[in-house]
Amino acid sequence: RSALVIWSITVFSQFYSAFDIVLLGIIKGPKEVGYFTVARQLVGWIIMFAIFMANAALPGLSSTFGKNLCEFNKIRMHFLKALVLLAGLTLLPLAVFTKNILSASVGKSYFPADPVIKIFTIAAVLVFFNIPFSTSLIAAGYEKKVLRQVIVVALLSFILNLALIPRFGMIGAAFSYLGAESSALIWIVIIYRKACGGVRNR
């Protein structure tokens, strides 16, 4: 049952990460989809490293939950610090040297993707702060709360994309992603704080 919930979290996360590209293609055409996809891929590879780190942290979080809350919180904080370091080593250079990286990787013709990448790097920082909390909640058995958050954020992303893409194109799609991730982080922190109160009484 828990595996099904975690699978559903992945499905809804993929939905609100893919719907913007589909809508962008329908409304604005393949050129903006190309710019947007390059931006998404550059940042997406960095986020993938964070997900690998989450998979590494999950066993430690699961084994300490309910037995040693101090150690559980210590692992979460170490995980968060590692992600902050990863952001500094990857996202910061990407934001500062965007055009250099684009020129070296896909060519100067993709320079219009520059502002989208910068917006995505901000959103990725929010994702990095989100992941330790969501991973800890899953480890603690609160995966249904995480699923509920992901579903609502997916709906919010859907609405934002419908509102912003027709007028602003790929910039609107990037801000939709940023808005969704901002809401996701605020919600997951609130869930975690409430759940921690329950953890101490278990």
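Asp 114 counts as buried, at 12% relative accessibility. Keep in mind as you look around that this is a predicted model. Asp 114 has a partner: Lys 118 forms a salt bridge with Asp 114, and their closest N and O atoms are 2.6 Å apart. Both residues sit in helix α5, 4 residues apart, which is about one turn of the helix. Lys 118 is partly exposed, because its relative accessible area is 33%, and the range for that label runs between 20% and 50%.

**The salt bridges**

How many salt bridges does a search of the whole structure find? The search finds 3. Here they are side by side.

| Basic residue | Acidic residue | Closest N and O atoms |
|---|---|---|
| Arg 40 | Asp 20 | 2.5 Å |
| Lys 74 | Glu 71 | 4.0 Å |
| Lys 118 | Asp 114 | 2.6 Å |

Take the pair of Asp 20 and Arg 40, whose closest N and O atoms are 2.5 Å apart. Asp 20 lies in helix α1 (residues 2–28) and Arg 40 in helix α2, so this salt bridge ties together parts that are 20 residues apart in sequence. Are these two residues buried or exposed? Asp 20 is buried, with a relative accessible area of 1%. Arg 40 counts as buried too, at 14% relative accessibility.

The pair of Lys 74 and Glu 71 belongs to helix α3 (residues 69–96), where the two residues are 3 residues apart, about one turn of the helix. Their closest N and O atoms are 4.0 Å apart, and the pair still qualifies because a salt bridge is accepted within 4 Å. Lys 74 is partly exposed, with a relative accessible area of 40%. Glu 71 is also partly exposed, at 29% relative accessibility.

**Along helix α2**

Helix α2 covers residues 30–64 and includes Trp 45. Val 33 lies in helix α2 as well. What do their accessibilities tell you? Val 33 counts as buried because its relative accessibility is 17%, and the cut-off for buried is under 20%. Trp 45 counts as exposed because its relative accessibility is 58%, and exposed means over 50%.

Which residues does Val 33 touch, not counting residues up to four places away in sequence? They are Ile 21, Leu 24 and Gly 25. You can also find Val 22 on the model: the C-alpha atoms of Val 33 and Val 22 are separated by 8.4 Å, and the two residues are 11 residues apart along the chain.

Trp 45 has a role in a surface feature. Together with Met 48, Phe 49, Ile 51 and Phe 52, Trp 45 makes a nonpolar surface patch of about 550 Å².

**Back to helix α5**

Helix α5 spans residues 114–139, and Ser 134 lies within it. Ser 134 is buried, with a relative accessible area of 13%. Where does the side chain of Ser 134 find a polar contact? A polar atom of this side chain lies 3.1 Å from the backbone oxygen of Ile 131. Leaving out residues up to four places away in sequence, Ser 134 touches Val 146 and Ile 188.

To revisit two spots on the model, start with Asp 20 and Arg 40, the salt bridge linking helix α1 and helix α2. Then move to Trp 45, the exposed residue, and trace the nonpolar patch from there through Met 48, Phe 49, Ile 51 and Phe 52.

How values were computed: Residues are numbered from 1 along each chain as its sequence is written. This is a predicted model: local features need pLDDT of at least 70, side-chain atom pairs count only at pLDDT 80 or more; totals for chains, interfaces and linings use all residues. Side-chain values use heavy atoms; hydrogens and water are left out. Patches are made of residues with over 30% relative accessible area and no salt bridge: like charges are joined within 9 Å, nonpolar side chains (Val, Leu, Ile, Met, Phe, Trp, Tyr) within 5 Å. Accessible areas come from the Shrake-Rupley method with a 1.4 Å probe; for residues, only the protein chains shown count as cover. A salt bridge is a side-chain nitrogen of Lys or Arg within 4 Å of a carboxyl oxygen of Asp or Glu. Buried means under 20% relative accessible area, exposed over 50%, partly exposed in between (1.4 Å probe, protein chains only). Contact means heavy atoms within 4.5 Å. A polar contact is a pair of N or O atoms within 3.5 Å; within protein, one must be able to donate a hydrogen and the other to accept it, and residues adjacent in sequence count only if both atoms are side-chain atoms.
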